[in-house]
Amino acid sequence: MSDEFYRIKRMPPYVIAEVNAMRHAARQAGRDIIDLGMGNPDQPPPQHVIDKLCEVAAKPTAHGYSQSKGIPGLRKAQANYYGRRFNVDLDPEREVVVTMGSKEGLSSMATAISAPGDVILAPSPAYPIHTYGFIIAGATIRSVPTTPDERYWKALDNAMAYTVPRPTVLVVNYPSNPTAETVDLAFYERLVAWARENRVWILSDLAYSELYYDGKPTRSILEVPGAKDVAVEFTSMSKTFSMAGWRIGFCVGNPELVAALTRVKSYLDYGAFTPIQAAACAALNGPQDVVEENRLRYQSRRDVMVESFTRAGWPIPNPPASMFTWAELPPGFEDMGSLEFSKQLLEHAGVAVAAGVGFGEEGEGFVRIAMVENEQRIRQAARNVKRFLAEHARG
Ligand SMILES: Cc1ncc(COP(=O)(O)O)c(C=O)c1O
(Lines give C-alpha, C1' and ligand atoms only; values in the text may rest on other atoms or scores of the structure.)
Protein backbone atom coordinates (compact mmCIF):
# COMPACT_ATOMS: atom_id res chain seq x y z
CA MET A 1 0.00 0.00 0.00
CA SER A 2 1.45 3.39 -0.93
CA ASP A 3 1.38 6.34 1.43
CA GLU A 4 2.94 8.56 -1.23
CA PHE A 5 -0.24 10.46 -1.95
CA TYR A 6 0.16 12.59 -5.06
CA ARG A 7 -1.36 15.77 -3.64
CA ILE A 8 -0.06 15.42 -0.08
CA LYS A 9 3.49 15.16 -1.40
CA ARG A 10 2.99 18.59 -2.95
CA MET A 11 1.76 20.29 0.22
CA PRO A 12 4.46 21.11 2.77
CA PRO A 13 3.14 21.56 6.32
CA TYR A 14 1.44 24.98 6.70
CA VAL A 15 4.29 27.14 8.09
CA ILE A 16 1.88 29.37 9.96
CA ALA A 17 0.66 26.28 11.81
CA GLU A 18 4.11 25.77 13.33
CA VAL A 19 4.14 29.13 15.12
CA ASN A 20 0.44 28.68 15.97
CA ALA A 21 1.27 25.40 17.72
CA MET A 22 4.01 27.14 19.73
CA ARG A 23 1.62 29.94 20.66
CA HIS A 24 -0.98 27.41 21.76
CA ALA A 25 1.58 25.55 23.90
CA ALA A 26 2.75 28.81 25.51
CA ARG A 27 -0.82 29.79 26.34
CA GLN A 28 -1.52 26.33 27.75
CA ALA A 29 1.49 26.90 30.00
CA GLY A 30 -0.21 30.05 31.29
CA ARG A 31 1.84 32.66 29.37
CA ASP A 32 0.20 35.81 28.03
CA ILE A 33 0.82 35.86 24.29
CA ILE A 34 -0.06 38.94 22.23
CA ASP A 35 -1.28 37.34 19.02
CA LEU A 36 -0.51 39.40 15.95
CA GLY A 37 -0.10 36.27 13.83
CA MET A 38 -3.29 35.20 12.10
CA GLY A 39 -5.63 37.61 10.29
CA ASN A 40 -8.43 36.60 12.61
CA PRO A 41 -10.67 39.56 13.58
CA ASP A 42 -10.97 39.96 17.36
CA GLN A 43 -14.31 41.82 17.26
CA PRO A 44 -17.78 40.22 17.11
CA PRO A 45 -20.09 40.87 14.13
CA PRO A 46 -22.71 43.64 14.51
CA GLN A 47 -25.47 42.77 17.00
CA HIS A 48 -28.30 42.96 14.43
CA VAL A 49 -26.50 40.30 12.36
CA ILE A 50 -26.26 37.96 15.35
CA ASP A 51 -29.93 38.66 16.14
CA LYS A 52 -30.93 37.70 12.60
CA LEU A 53 -28.97 34.46 12.84
CA CYS A 54 -30.80 33.55 16.07
CA GLU A 55 -34.20 34.59 14.71
CA VAL A 56 -33.89 32.47 11.57
CA ALA A 57 -32.30 29.54 13.43
CA ALA A 58 -35.40 29.47 15.66
CA LYS A 59 -37.58 28.63 12.65
CA PRO A 60 -38.26 24.89 12.31
CA THR A 61 -38.01 25.14 8.51
CA ALA A 62 -34.48 26.61 8.50
CA HIS A 63 -32.51 23.44 9.18
CA GLY A 64 -32.56 21.47 5.98
CA TYR A 65 -29.95 21.55 3.24
CA SER A 66 -29.50 25.04 1.92
CA GLN A 67 -28.68 26.07 -1.65
CA SER A 68 -25.18 25.40 -2.83
CA LYS A 69 -24.96 28.55 -4.94
CA GLY A 70 -26.47 30.66 -2.17
CA ILE A 71 -30.03 31.75 -1.37
CA PRO A 72 -31.41 34.25 -3.92
CA GLY A 73 -31.71 37.07 -1.36
CA LEU A 74 -28.02 36.85 -0.51
CA ARG A 75 -26.92 36.84 -4.15
CA LYS A 76 -29.12 39.89 -4.68
CA ALA A 77 -27.67 41.62 -1.60
CA GLN A 78 -24.15 41.06 -2.96
CA ALA A 79 -25.14 42.43 -6.40
CA ASN A 80 -26.55 45.52 -4.64
CA TYR A 81 -23.30 45.95 -2.71
CA TYR A 82 -21.30 45.99 -5.97
CA GLY A 83 -23.80 48.47 -7.40
CA ARG A 84 -23.57 50.98 -4.57
CA ARG A 85 -19.87 50.53 -3.74
CA PHE A 86 -18.30 50.12 -7.19
CA ASN A 87 -21.05 51.15 -9.59
CA VAL A 88 -20.84 47.66 -11.13
CA ASP A 89 -24.00 45.93 -12.39
CA LEU A 90 -24.25 42.22 -11.61
CA ASP A 91 -26.93 39.71 -12.50
CA PRO A 92 -27.57 37.79 -9.24
CA GLU A 93 -28.60 34.69 -11.24
CA ARG A 94 -25.62 34.35 -13.58
CA GLU A 95 -22.88 36.52 -12.16
CA VAL A 96 -22.93 35.88 -8.40
CA VAL A 97 -22.26 32.73 -6.39
CA VAL A 98 -22.04 32.48 -2.61
CA THR A 99 -19.07 30.51 -1.26
CA MET A 100 -18.27 29.07 2.13
CA GLY A 101 -15.68 31.78 2.68
CA SER A 102 -13.60 33.16 -0.17
CA LYS A 103 -10.89 30.57 0.61
CA GLU A 104 -13.29 27.78 -0.31
CA GLY A 105 -14.37 29.77 -3.37
CA LEU A 106 -10.81 30.14 -4.59
CA SER A 107 -9.98 26.48 -4.08
CA SER A 108 -13.19 25.22 -5.69
CA MET A 109 -12.55 27.59 -8.60
CA ALA A 110 -9.08 26.09 -8.98
CA THR A 111 -10.65 22.62 -9.11
CA ALA A 112 -13.20 23.84 -11.64
CA ILE A 113 -10.86 25.46 -14.14
CA SER A 114 -7.48 23.77 -13.91
CA ALA A 115 -6.01 20.31 -14.36
CA PRO A 116 -2.59 18.62 -14.18
CA GLY A 117 -0.29 20.23 -16.72
CA ASP A 118 -1.95 23.65 -16.66
CA VAL A 119 0.26 26.58 -15.73
CA ILE A 120 -1.14 29.22 -13.38
CA LEU A 121 0.38 32.63 -12.63
CA ALA A 122 0.23 33.52 -8.95
CA PRO A 123 1.99 36.13 -6.83
CA SER A 124 4.88 35.43 -4.48
CA PRO A 125 4.64 36.23 -1.64
CA ALA A 126 0.97 35.21 -1.57
CA TYR A 127 -1.82 34.07 0.70
CA PRO A 128 -1.29 30.29 0.46
CA ILE A 129 -4.59 29.34 -1.21
CA HIS A 130 -3.63 31.44 -4.25
CA THR A 131 -1.01 28.85 -5.05
CA TYR A 132 -2.07 25.73 -3.16
CA GLY A 133 -5.64 25.77 -4.47
CA PHE A 134 -4.13 25.09 -7.87
CA ILE A 135 -1.41 22.74 -6.63
CA ILE A 136 -4.11 20.63 -4.97
CA ALA A 137 -5.89 20.60 -8.35
CA GLY A 138 -2.65 19.23 -9.87
CA ALA A 139 -1.71 22.38 -11.80
CA THR A 140 1.73 24.02 -11.90
CA ILE A 141 2.47 27.48 -10.52
CA ARG A 142 4.67 30.04 -12.19
CA SER A 143 5.31 32.84 -9.69
CA VAL A 144 5.12 36.52 -10.53
CA PRO A 145 6.04 39.37 -8.16
CA THR A 146 3.44 40.77 -5.79
CA THR A 147 4.67 44.36 -6.04
CA PRO A 148 2.74 45.98 -8.91
CA ASP A 149 5.64 47.84 -10.55
CA GLU A 150 7.31 47.50 -13.97
CA ARG A 151 8.99 44.23 -12.89
CA TYR A 152 5.51 42.82 -12.55
CA TRP A 153 4.53 43.56 -16.14
CA LYS A 154 7.84 42.23 -17.40
CA ALA A 155 7.29 39.00 -15.44
CA LEU A 156 3.82 38.61 -16.96
CA ASP A 157 5.13 39.10 -20.48
CA ASN A 158 8.04 36.72 -19.89
CA ALA A 159 5.66 34.13 -18.53
CA MET A 160 3.58 34.26 -21.70
CA ALA A 161 6.63 34.25 -23.96
CA TYR A 162 8.57 31.42 -22.34
CA THR A 163 6.11 29.04 -20.66
CA VAL A 164 4.84 25.94 -22.41
CA PRO A 165 1.95 25.38 -22.22
CA ARG A 166 0.91 29.00 -22.00
CA PRO A 167 -0.51 30.05 -18.63
CA THR A 168 -4.30 30.04 -18.47
CA VAL A 169 -5.08 31.88 -15.24
CA LEU A 170 -3.62 34.84 -13.31
CA VAL A 171 -4.36 35.39 -9.62
CA VAL A 172 -4.21 38.94 -8.25
CA ASN A 173 -4.81 40.10 -4.70
CA TYR A 174 -4.87 43.80 -3.80
CA PRO A 175 -4.87 44.94 -1.05
CA SER A 176 -2.33 42.16 -0.79
CA ASN A 177 -2.08 39.62 1.92
CA PRO A 178 0.70 39.59 3.07
CA THR A 179 2.31 42.79 1.70
CA ALA A 180 -0.66 45.21 2.10
CA GLU A 181 0.17 46.73 -1.30
CA THR A 182 -2.69 48.33 -3.20
CA VAL A 183 -3.36 49.26 -6.84
CA ASP A 184 -5.32 51.96 -8.62
CA LEU A 185 -7.85 51.64 -11.41
CA ALA A 186 -5.18 52.30 -14.07
CA PHE A 187 -3.44 49.09 -12.95
CA TYR A 188 -6.64 47.08 -13.42
CA GLU A 189 -7.26 48.71 -16.81
CA ARG A 190 -3.85 47.61 -18.00
CA LEU A 191 -4.37 44.15 -16.50
CA VAL A 192 -7.72 43.61 -18.22
CA ALA A 193 -6.21 44.68 -21.56
CA TRP A 194 -3.28 42.31 -20.98
CA ALA A 195 -5.59 39.41 -20.09
CA ARG A 196 -7.71 40.00 -23.18
CA GLU A 197 -4.67 40.09 -25.43
CA ASN A 198 -3.15 36.98 -23.89
CA ARG A 199 -6.40 35.07 -23.39
CA VAL A 200 -5.84 34.55 -19.68
CA TRP A 201 -8.55 34.40 -17.00
CA ILE A 202 -8.10 36.69 -14.00
CA LEU A 203 -9.11 35.74 -10.48
CA SER A 204 -9.04 38.84 -8.28
CA ASP A 205 -9.13 38.38 -4.50
CA LEU A 206 -10.62 41.47 -2.85
CA ALA A 207 -10.95 40.08 0.69
CA TYR A 208 -9.86 43.46 2.15
CA SER A 209 -12.31 45.52 0.07
CA GLU A 210 -13.42 47.61 3.07
CA LEU A 211 -10.21 47.81 5.09
CA TYR A 212 -8.65 50.85 3.47
CA TYR A 213 -7.27 53.90 5.25
CA ASP A 214 -6.70 57.61 4.94
CA GLY A 215 -9.87 58.00 2.86
CA LYS A 216 -8.57 56.11 -0.20
CA PRO A 217 -11.13 53.43 -1.06
CA THR A 218 -9.95 50.20 -2.69
CA ARG A 219 -10.98 49.64 -6.28
CA SER A 220 -12.55 46.58 -7.89
CA ILE A 221 -11.22 45.10 -11.13
CA LEU A 222 -14.84 44.87 -12.27
CA GLU A 223 -14.98 48.68 -12.44
CA VAL A 224 -12.99 48.40 -15.68
CA PRO A 225 -15.38 48.33 -18.66
CA GLY A 226 -15.32 44.83 -20.18
CA ALA A 227 -13.58 43.26 -17.16
CA LYS A 228 -16.41 40.77 -16.85
CA ASP A 229 -15.23 39.21 -20.14
CA VAL A 230 -12.06 37.96 -18.48
CA ALA A 231 -12.36 38.25 -14.71
CA VAL A 232 -14.10 37.23 -11.54
CA GLU A 233 -13.60 38.73 -8.11
CA PHE A 234 -13.79 37.12 -4.66
CA THR A 235 -14.94 39.07 -1.61
CA SER A 236 -15.55 38.05 1.96
CA MET A 237 -17.74 38.80 4.96
CA SER A 238 -14.87 37.76 7.24
CA LYS A 239 -13.06 41.07 7.62
CA THR A 240 -15.70 43.61 6.56
CA PHE A 241 -18.19 42.41 9.18
CA SER A 242 -15.86 40.43 11.49
CA MET A 243 -17.61 37.19 10.48
CA ALA A 244 -14.54 35.03 9.84
CA GLY A 245 -15.94 31.93 11.54
CA TRP A 246 -19.25 32.13 9.69
CA ARG A 247 -17.65 31.15 6.38
CA ILE A 248 -19.42 33.36 3.87
CA GLY A 249 -17.78 34.82 0.79
CA PHE A 250 -18.66 35.49 -2.84
CA CYS A 251 -17.40 35.07 -6.36
CA VAL A 252 -18.82 37.53 -8.88
CA GLY A 253 -18.21 38.56 -12.47
CA ASN A 254 -17.63 36.48 -15.61
CA PRO A 255 -20.68 34.22 -16.05
CA GLU A 256 -18.68 31.28 -17.49
CA LEU A 257 -16.34 31.21 -14.52
CA VAL A 258 -19.22 31.69 -12.09
CA ALA A 259 -21.06 28.80 -13.78
CA ALA A 260 -17.98 26.56 -13.59
CA LEU A 261 -17.56 27.27 -9.87
CA THR A 262 -21.28 26.80 -9.26
CA ARG A 263 -21.16 23.41 -11.01
CA VAL A 264 -18.25 22.12 -8.92
CA LYS A 265 -19.88 23.38 -5.75
CA SER A 266 -23.14 21.65 -6.63
CA TYR A 267 -21.21 18.37 -6.34
CA LEU A 268 -19.21 19.36 -3.26
CA ASP A 269 -21.60 21.12 -0.87
CA TYR A 270 -25.15 22.10 -0.01
CA GLY A 271 -24.27 25.70 0.81
CA ALA A 272 -23.85 27.43 4.14
CA PHE A 273 -26.46 26.96 6.88
CA THR A 274 -29.52 29.01 5.81
CA PRO A 275 -29.65 31.16 9.00
CA ILE A 276 -26.04 32.21 8.36
CA GLN A 277 -26.92 33.21 4.81
CA ALA A 278 -29.97 35.15 6.06
CA ALA A 279 -27.80 36.95 8.62
CA ALA A 280 -25.24 37.75 5.92
CA CYS A 281 -28.12 39.41 3.97
CA ALA A 282 -28.85 41.49 7.08
CA ALA A 283 -25.21 42.57 7.22
CA LEU A 284 -25.08 43.61 3.56
CA ASN A 285 -28.52 45.23 3.45
CA GLY A 286 -28.43 46.80 6.93
CA PRO A 287 -26.75 49.91 8.33
CA GLN A 288 -23.28 50.36 6.84
CA ASP A 289 -21.90 52.63 9.57
CA VAL A 290 -20.58 49.42 11.20
CA VAL A 291 -18.26 49.00 8.22
CA GLU A 292 -16.88 52.51 8.69
CA GLU A 293 -16.45 51.94 12.46
CA ASN A 294 -14.56 48.74 11.79
CA ARG A 295 -12.30 50.50 9.29
CA LEU A 296 -11.54 53.34 11.71
CA ARG A 297 -10.75 50.85 14.47
CA TYR A 298 -8.12 49.18 12.29
CA GLN A 299 -6.82 52.54 11.13
CA SER A 300 -6.11 53.74 14.67
CA ARG A 301 -4.55 50.41 15.55
CA ARG A 302 -2.35 50.79 12.50
CA ASP A 303 -1.28 54.26 13.62
CA VAL A 304 -0.46 53.00 17.10
CA MET A 305 1.42 50.00 15.75
CA VAL A 306 3.56 51.93 13.30
CA GLU A 307 4.37 54.61 15.84
CA SER A 308 5.11 52.31 18.79
CA PHE A 309 7.09 49.65 16.91
CA THR A 310 9.16 52.28 15.14
CA ARG A 311 9.91 53.95 18.48
CA ALA A 312 10.87 50.53 19.86
CA GLY A 313 13.63 50.31 17.24
CA TRP A 314 11.79 48.36 14.54
CA PRO A 315 10.72 50.69 11.74
CA ILE A 316 7.69 49.05 10.11
CA PRO A 317 5.84 50.26 7.02
CA ASN A 318 2.56 52.17 7.23
CA PRO A 319 0.06 50.00 5.31
CA PRO A 320 -2.53 51.87 3.18
CA ALA A 321 -5.02 48.99 3.52
CA SER A 322 -5.61 45.44 4.87
CA MET A 323 -5.09 44.38 8.47
CA PHE A 324 -1.37 43.77 8.18
CA THR A 325 1.97 45.41 8.06
CA TRP A 326 4.70 43.58 6.13
CA ALA A 327 7.94 44.28 7.92
CA GLU A 328 11.54 43.44 7.16
CA LEU A 329 13.30 41.66 10.01
CA PRO A 330 14.60 44.35 12.38
CA PRO A 331 18.17 45.62 12.47
CA GLY A 332 20.48 42.97 13.90
CA PHE A 333 18.17 40.07 12.90
CA GLU A 334 18.33 40.32 9.10
CA ASP A 335 20.09 36.98 8.66
CA MET A 336 18.11 34.94 11.14
CA GLY A 337 15.38 33.76 8.78
CA SER A 338 11.75 34.69 9.29
CA LEU A 339 10.66 31.42 10.89
CA GLU A 340 13.43 31.39 13.49
CA PHE A 341 12.84 35.09 14.19
CA SER A 342 9.10 34.49 14.70
CA LYS A 343 9.82 31.62 17.08
CA GLN A 344 12.27 33.72 19.10
CA LEU A 345 9.90 36.67 19.23
CA LEU A 346 7.19 34.38 20.58
CA GLU A 347 9.51 32.74 23.08
CA HIS A 348 11.24 35.88 24.42
CA ALA A 349 8.76 38.72 23.79
CA GLY A 350 5.46 36.84 24.00
CA VAL A 351 4.44 38.29 20.62
CA ALA A 352 3.19 36.06 17.79
CA VAL A 353 3.69 37.18 14.17
CA ALA A 354 3.50 35.27 10.88
CA ALA A 355 6.84 34.25 9.33
CA GLY A 356 7.19 35.69 5.83
CA VAL A 357 8.50 32.42 4.41
CA GLY A 358 5.04 30.94 4.99
CA PHE A 359 3.86 33.09 2.07
CA GLY A 360 6.44 31.77 -0.38
CA GLU A 361 10.13 32.05 -1.12
CA GLU A 362 9.92 35.79 -1.78
CA GLY A 363 8.54 36.30 1.72
CA GLU A 364 11.81 35.31 3.39
CA GLY A 365 13.34 38.17 5.34
CA PHE A 366 9.92 39.54 6.34
CA VAL A 367 7.20 38.95 8.89
CA ARG A 368 3.53 39.83 8.68
CA ILE A 369 2.12 41.59 11.73
CA ALA A 370 -1.68 41.63 12.07
CA MET A 371 -3.61 44.40 13.81
CA VAL A 372 -5.91 42.00 15.61
CA GLU A 373 -5.37 43.06 19.21
CA ASN A 374 -6.47 46.35 20.82
CA GLU A 375 -4.31 49.46 21.02
CA GLN A 376 -3.23 48.83 24.59
CA ARG A 377 -2.04 45.32 23.71
CA ILE A 378 -0.26 46.62 20.61
CA ARG A 379 1.62 49.14 22.78
CA GLN A 380 2.47 46.32 25.18
CA ALA A 381 3.74 44.26 22.22
CA ALA A 382 5.98 47.18 21.21
CA ARG A 383 7.44 47.41 24.73
CA ASN A 384 8.16 43.67 24.69
CA VAL A 385 9.73 44.00 21.25
CA LYS A 386 11.98 46.82 22.47
CA ARG A 387 13.28 44.67 25.31
CA PHE A 388 13.73 41.68 22.99
CA LEU A 389 15.68 43.73 20.44
CA ALA A 390 17.99 45.09 23.12
CA GLU A 391 18.67 41.67 24.63
CA HIS A 392 18.90 39.50 21.54
CA ALA A 393 20.20 41.55 18.60
CA ARG A 394 23.18 39.95 16.93
CA GLY A 395 26.27 41.75 15.75
C1 LIG B 1 -6.30 37.61 0.75
C2 LIG B 1 -7.24 36.70 1.44
N3 LIG B 1 -8.11 36.01 0.73
C4 LIG B 1 -8.99 35.17 1.29
C5 LIG B 1 -9.00 34.98 2.65
C6 LIG B 1 -9.97 34.01 3.23
O7 LIG B 1 -11.13 34.65 3.61
P8 LIG B 1 -12.44 33.86 3.94
O9 LIG B 1 -12.60 33.93 5.41
O10 LIG B 1 -13.52 34.59 3.19
O11 LIG B 1 -12.28 32.46 3.45
C12 LIG B 1 -8.11 35.66 3.46
C13 LIG B 1 -8.10 35.44 4.90
O14 LIG B 1 -7.27 35.89 5.64
C15 LIG B 1 -7.19 36.54 2.83
O16 LIG B 1 -6.30 37.21 3.54
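# A tour from Ser209 to the ligand and outward

Start by selecting Ser209, which lies in the loop between strand E6 (201-205) and strand E7 (231-236). Helices (H or I, at least four residues) and strands (E, at least two) are DSSP runs, numbered from the N terminus. This is a predicted model, in which local features need pLDDT of at least 70 and side-chain atom pairs count only at pLDDT 80 or more, while totals for chains, interfaces and linings use all residues. Residues are numbered from 1 along each chain as its sequence is written, and side-chain values use heavy atoms, with hydrogens and water left out.

Is Ser209 buried or exposed? Ser209 has a relative accessible area of 1%, so it is buried. Buried means under 20% relative accessible area, exposed over 50%, and partly exposed in between (1.4 Å probe, protein chains only). Now show the contacts of Ser209, leaving aside neighbours within four places in sequence: they are Tyr81, Arg85, Thr218 and Thr240. Contact here means heavy atoms within 4.5 Å.

**The ligand**

Next, select the ligand. Its surroundings comprise 13 residues, and the closest are Ser102, Asp205, Tyr208, Ser236 and Ser238. A residue counts as near a molecule if one of its heavy atoms lies within 4 Å of it.

Three polar contacts can be picked out one by one. Ser102 places a backbone N or O atom 2.7 Å from an oxygen atom of the ligand. Tyr208 has a polar side-chain atom 2.6 Å from a ligand oxygen atom. For Lys239, a polar side-chain atom is 2.7 Å from an oxygen atom of the ligand. A polar contact is a pair of N or O atoms within 3.5 Å; within protein, one must be able to donate a hydrogen and the other to accept it, and residues adjacent in sequence count only if both atoms are side-chain atoms.

Taken alone, the ligand exposes 400 Å², and the protein buries 93% of that. These areas come from the Shrake-Rupley method with a 1.4 Å probe; for residues, only the protein chains shown count as cover. Colour helix H4 (102-113) and helix H8 (237-240): these are the elements that give two or more residues to the shell around the ligand.

**Asn173**

From Asp205, one of the closest residues to the ligand, step to Asn173. The side chain of Asn173 reaches the backbone oxygen of Asp205 at 3.0 Å. Beyond four places in sequence, Asn173 touches His130 and Asp205. Asn173 belongs to the loop between strand E5 (169-172) and helix H7 (185-198), and its relative accessibility of 5% makes it buried.

**Two cis peptide bonds**

Stay in that loop and select Pro178, which also lies between E5 and H7. The peptide bond from Asn177 to Pro178 is cis, with omega near 20 degrees. Then go to Pro125, in the loop between strand E3 (119-124) and helix H5 (129-136). Here the bond from Ser124 to Pro125 is cis, with omega near 5 degrees.

**Two residues with positive phi**

Most residues other than glycine have a negative phi, and most peptide bonds are trans. Select Ser242, in the loop between H8 and strand E8 (249-253). Although Ser242 is not a glycine, its phi is positive, at about 50 degrees. Ser242 is buried, with a relative accessible area of 7%.

Arg247 is found in the loop between H8 and E8. Its phi is positive too, at about 60 degrees, and it is not a glycine. Is Arg247 buried or partly exposed? With a relative accessible area of 32%, Arg247 is partly exposed.

**Ala272**

Arg247 leads to Ala272, which touches Ser66, Met100, Arg247, Ile248 and Gln277, not counting residues up to four places away in sequence. Ala272 sits in the loop between helix H9 (255-268) and helix H10 (274-285). Its relative accessible area is 9%, so Ala272 is buried.

**Val353 and Lys9**

Select Val353, in the loop between strand E10 (351-352) and strand E11 (354-355). Val353 is buried, at 2% relative accessibility. Its contacts outside four places in sequence include Val19, Leu36, Ser342 and Val367. Val353 and Val367 are 14 residues apart along the chain, with their C-alpha atoms separated by 6.6 Å.

End at Lys9, in the segment before helix H1 (15-28). Lys9 counts as exposed, at 51% relative accessibility. Measure from Lys9 to Ala21 in the viewer: 12 residues apart in sequence, their C-alpha atoms are 22 Å apart in space.
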